[in-house]
Amino acid sequence: MCADYTPSRKEQIDDRFGVRSPQFDLPPEAWPGYMAPILRGSHEASGELEIAPAMFGMVPHWADMKLARQT
């Protein structure tokens, strides 16, 4: 089974959530094991949102990255 998605564009995130997206060098599509931007609560400012890079797929931190293709 293939599972990929196209992350929202920076302009869409800024318009909807009012959060400026930092410049990440990420691919335009995300497959399991790829990095993609996520919207999360800020670690530095309570109640604020931020954009952060995260791995797409359900891969535990201890697993070999090859496992990402099988999730």
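**Figure 1. Tyr-5 and Phe-56, the aromatic pair of this predicted model.** The count of aromatic pairs in this predicted structure comes to 1. Its partners are Tyr-5 and Phe-56, which meet edge-to-face, with 4.9 Å from centre to centre and 65 degrees between the planes. If you trace the backbone from one ring to the other, you will see that the pair links distant parts of the chain: the partners are 51 residues apart. Tyr-5 belongs to the segment before helix 1, while Phe-56 belongs to the segment after strand 2 (49-55). Are these two rings buried or partly exposed? Tyr-5 is partly exposed, with a relative accessible area of 28%, and Phe-56 also counts as partly exposed, at 25%.

**Figure 2. Arg-40 and Glu-50, a salt bridge between the strands.** Here the closest N and O atoms of Arg-40 and Glu-50 are 2.7 Å apart, and the two residues form a salt bridge. Because Arg-40 lies in strand 1 and Glu-50 in strand 2, the pair ties together parts that are 10 residues apart in sequence. The partners fall into separate accessibility classes: Arg-40 is partly exposed at 32% relative accessible area, whereas Glu-50 counts as buried at 19%. Why does Glu-50 count as buried? Its relative accessibility is 19%, and the buried class takes in values under 20%.

**Figure 3. Glu-11 and Arg-9, another salt bridge.** The salt bridges in the model come to 2, and this view shows the one in which the side chains of Glu-11 and Arg-9 meet, at 3.6 Å from N to O. Glu-11 is partly exposed, with a relative accessible area of 46%. As a friendly reminder, side chains of opposite charge can pair when their charged atoms come close.

**Figure 4. Phe-17 and the charge over its ring.** Look for Phe-17 in helix 1, which covers residues 10-17. What sits over its ring? The charged end of Arg-16 does, 5.1 Å from the ring centre. Phe-17 is partly exposed, and its relative accessible area is 42%.

**Figure 5. A nonpolar patch on the surface.** Phe-17 appears again here, together with Leu-39 and Leu-49; these residues make a nonpolar surface patch of about 250 Å². Leu-49 has its place in strand 2 and counts as partly exposed, at 39% relative accessibility. Both Phe-17, at 42%, and Leu-49, at 39%, lie over the 30% needed to join a patch. Leu-49 also has a neighbour to look for in this view: Val-19 is 30 residues away in sequence, with 6.7 Å between the C-alpha atoms.

**Figure 6. The whole chain, for orientation.** To place the close-ups, follow the sequence through the pattern α-β-β, which takes you through 1 helix and 2 strands. The C-alpha atoms fill a box of roughly 35 × 25 × 20 Å along the principal axes. Of the 71 residues, 21% count as buried. How confident is the prediction, and where is confidence lowest and highest? The average pLDDT is 82, and 96% of the residues score at least 70. Confidence is lowest in helix 1, at a mean of 85, and highest in strand 1 (residues 35-41), at 88. Where pLDDT is low, the predicted coordinates should not be read in detail.

Note on methods
Residues are numbered from 1 along each chain as its sequence is written. This is a predicted model: local features need pLDDT of at least 70, side-chain atom pairs count only at pLDDT 80 or more; totals for chains, interfaces and linings use all residues. Side-chain values use heavy atoms; hydrogens and water are left out. Patches are made of residues with over 30% relative accessible area and no salt bridge: like charges are joined within 9 Å, nonpolar side chains (Val, Leu, Ile, Met, Phe, Trp, Tyr) within 5 Å. Accessible areas come from the Shrake-Rupley method with a 1.4 Å probe; for residues, only the protein chains shown count as cover. A salt bridge is a side-chain nitrogen of Lys or Arg within 4 Å of a carboxyl oxygen of Asp or Glu. Helices (H or I, at least four residues) and strands (E, at least two) are DSSP runs, numbered from the N terminus. Buried means under 20% relative accessible area, exposed over 50%, partly exposed in between (1.4 Å probe, protein chains only). pLDDT is the predictor's confidence in each residue, from 0 to 100. Rings of Phe, Tyr and Trp (its six-membered ring) pair if their centres lie within 6.5 Å; planes under 30 degrees apart count as stacked, over 60 as edge-to-face and the rest as tilted. A charge sits over a ring if NZ of Lys or CZ of Arg is within 6 Å of the ring centre and within 35 degrees of the ring normal.
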